Amino acid sequence: VTCDTPSITVTSNENGTYTAVLPNSSGTYTFRAAYHGADGYGDATAECTVSVTAQSSGGGSSSGSSSSGSKDTVTKNPDGSVTTTSTDKKTGTITATTERPDGTKEIVVTEKNGTVTTTTEQTDGGKEILETRTDGTVISTAIDPDGGAVEKVTDANKDIAITVSSSDGKTLAHIALPAQIPPPEKEFVDVPKDHWAEQGIHEMASLGVISGTGEDRYDMDANLQRGDLAAMLFRLSNGDAEYTSSFEDVPADKYYAKSVVWASEVGIVRGDGNGRFRPENSITREELAVVLFNYANLLHLDTSVNSGALNDFTDGGQTNGWAQDGMAWCINHGILSGRGGGILDPGAKITRAETAVMLQCFLVIILPQCFHINPSLFSGYGKFSFHRFQRIFYLLYQGGLEQMAVFSLNADFSVFY
C-alpha cells in the first residue's frame, strides 16, 4: 500500500492492516493497494481517497475528531460508497463502516489484539458476520431476516462445529466434526477390507451417524429405509425431538419416531401428502438426493444448482420434477454419480453402503479443504466435476500422503465418474 504524497509513510501491521499518520492540515490523499498474483490469482489494484479537514487547537466539531475520545476519517470510494473510520484512542479498536449505494453496509472492527470482525448488513435485514482471531479460530454467522441463524466455528485445530438456530433461539441442529476422523472403536464384521464403501461406513460409524443391525454387522447390501435416513441425520445433528408427530404411520414407540418428527419439523423430509411418511419403505436415489439438498439448505451451504448436470446421463430426464434440483446439486458436488454407461437410475433403491458413502461425500463439503487447487487446471476434462476431484484428493489425503505418489494429474478421470 502506498500514498501519492511521498512524505506519508504507510506501515504494514501484523494483522494484515496498514496504518498511515496524516498531518493536521486540510488536504486529500490517495492510497493505492497492489497485489501481485500468486497461486493462480491475477494481479489486482485498488485505490481510495481520504479527505482531511484541519482541526483547530481549541478542538471543536470538525469531521476529523469527536469528543468521545475517538478520531474519525471519512473516505469517498470510487464505487460510490462512503467509509467512516473511527479509532478509539483508549482501546485502540478501529471501526470502519462502509455504506454502499445499494443500501448494504459493511462494518469491520479491528481490535488491538488482532481480532477482526466483519459484519455485512443486507437491505432485507439479514446479516453475515465473520470473526477471525489470531489463534486461527474463525467464526462465521449468517442471520436470516426472520432471526434464524447458522453459526460455523472452525477452531485453531481445524475442528468444526455448526449450530442452526430458529428465530426464537431454539437449537435445530448442532454438528461437531473433528479435522481428523478417528477410527471406530469396533469395525463391522461384514464390511470387507478394501471394499469401495469401507472407509465411508467406518468413518460414519466413528462419528456416530450410522449404526449396525446387531452382532457387529452393518448389512451393507440391504436397501436403506426412509426412517433410517432420518435417524442418521438426527444423530449427526444432535437433533431435538421435543415435537409431536403429524404422521399417522410413525408411532412413538418406533426407534425412528423422534428422528422423523425432527427431520420433518426442520424441513429436511416430507410425507406423502396424505398424512403418512412411509418410514419403512426403501428410499430411492432421487429421494435421498433431495433430503441431502434440503439438509444443505438448513446448514446454509451453497445450494446453487447447475441443472444441466442431468443432461450428462441418458436417463437424466426420468428424474421427477420435485427431485431435479436435489439430484443436480448432488451430482455437481460429487455426492452422487452414475452407475456406468451414462445411466443415472434416479428411481432405483439405494443401499446402506451407498448411503454411508454419500453422507461421507456430503461432509467433505463441510470439512476444511486439505488442498486448494485452481479449478481451471481441469477445465479440459469435460464432464468431470471439480468438486469430485476435491473429494478424491481429500480421501487420498485421509488415506495417507504416500498414496498420492500413484495419483497422476494426467490420469483418465473417467475412472472416477
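# A tour by selection

Begin by selecting Arg339, which is partly exposed, with a relative accessible area of 37%; buried stands for under 20% relative accessible area, exposed for over 50% and partly exposed for what lies in between, with a 1.4 Å probe and protein chains only. This is a predicted model, in which local features need pLDDT of at least 70 and side-chain atom pairs count only at pLDDT 80 or more, while totals for chains, interfaces and linings use all residues. Residues are numbered from 1 along each chain as its sequence is written, and side-chain values use heavy atoms, with hydrogens and water left out.

**Salt bridges**

Keep Arg339 on screen and add Asp345, because the two side chains meet in a salt bridge of 3.2 Å, N to O, and Asp345 is likewise partly exposed, here with a relative accessible area of 28%. Next select Glu248, Asp272, Arg276 and Arg278 together, since salt bridges that share partners join these four residues into one network. A salt bridge here is a side-chain nitrogen of Lys or Arg within 4 Å of a carboxyl oxygen of Asp or Glu.

The structure holds 15 salt bridges, and another of them is found by selecting Glu287 and Arg226, whose side chains meet at 3.7 Å, N to O. Glu287 belongs to helix 4 (residues 285-298) and Arg226 to helix 2 (residues 226-236), so this pair ties together parts that are 61 residues apart in sequence. Helices (H or I, at least four residues) and strands (E, at least two) are DSSP runs, numbered from the N terminus. Is Arg226 buried or exposed? With a relative accessibility of 15%, Arg226 counts as buried.

Now move to Lys254 and Glu280, where the side chains form a salt bridge of 3.6 Å, N to O. This pair links distant parts of the chain, with Lys254 in the loop between helix 2 and helix 3 (257-265), Glu280 in the loop between helix 3 and helix 4, and their positions 26 residues apart in sequence. Lys254 is partly exposed at a relative accessible area of 35%, and Glu280 is partly exposed at 43%.

**Aromatic rings**

From Lys254, turn to the aromatic side chains, for which a search of the whole structure finds seven pairs. Select Tyr255 and Tyr256, which form one such pair in an edge-to-face arrangement, with 5.0 Å from centre to centre and 75° between the planes. Rings of Phe, Tyr and Trp (its six-membered ring) pair if their centres lie within 6.5 Å, with planes under 30 degrees apart called stacked, over 60 edge-to-face and the rest tilted. Colour the two tyrosines by accessibility: Tyr255 counts as exposed at 56% relative accessibility, whereas Tyr256 is buried with a relative accessible area of 1%.

Then select Phe293, Tyr295, Trp329 and Phe362, which form one aromatic cluster. After the cluster, display helix 6 (residues 352-366), a helix that is mostly covered, with 14 of its 15 residues buried.

**Strands and a hairpin**

Show strand 7 (residues 82-88) and strand 8 (residues 94-99) side by side, and trace how they pair in the antiparallel sense over six bridges; two strands pair if DSSP finds at least two bridges between them. Which residue of strand 8 is the bridge partner of Val82? Select Glu99 to see the partner of Val82. The hairpin of these two strands has five residues between the strands, and in it Gly92 takes a positive phi near 80°.

Asp72 is the next selection, and it is found in strand 6 (residues 70-76). Its relative accessibility of 21% makes Asp72 partly exposed. Add Ala96 to the view, for Asp72 and Ala96 are 24 residues apart in sequence and 9.4 Å apart in space, C-alpha to C-alpha.

**Positive phi in two loops**

Finish with two loop residues, beginning at Lys158, which lies in the loop between strand 13 (149-154) and strand 14 (160-165). The phi of Lys158 is near 75°, a positive value in a residue other than glycine, and Lys158 is partly exposed, with a relative accessible area of 41%. Go on to Asp216, placed in the loop between helix 1 (198-206) and helix 2. Asp216 too is a residue other than glycine with a positive phi, near 60°, and its relative accessible area of 36% makes Asp216 partly exposed.

How values were computed
Expected span 1.5 Å × (residues − 1).
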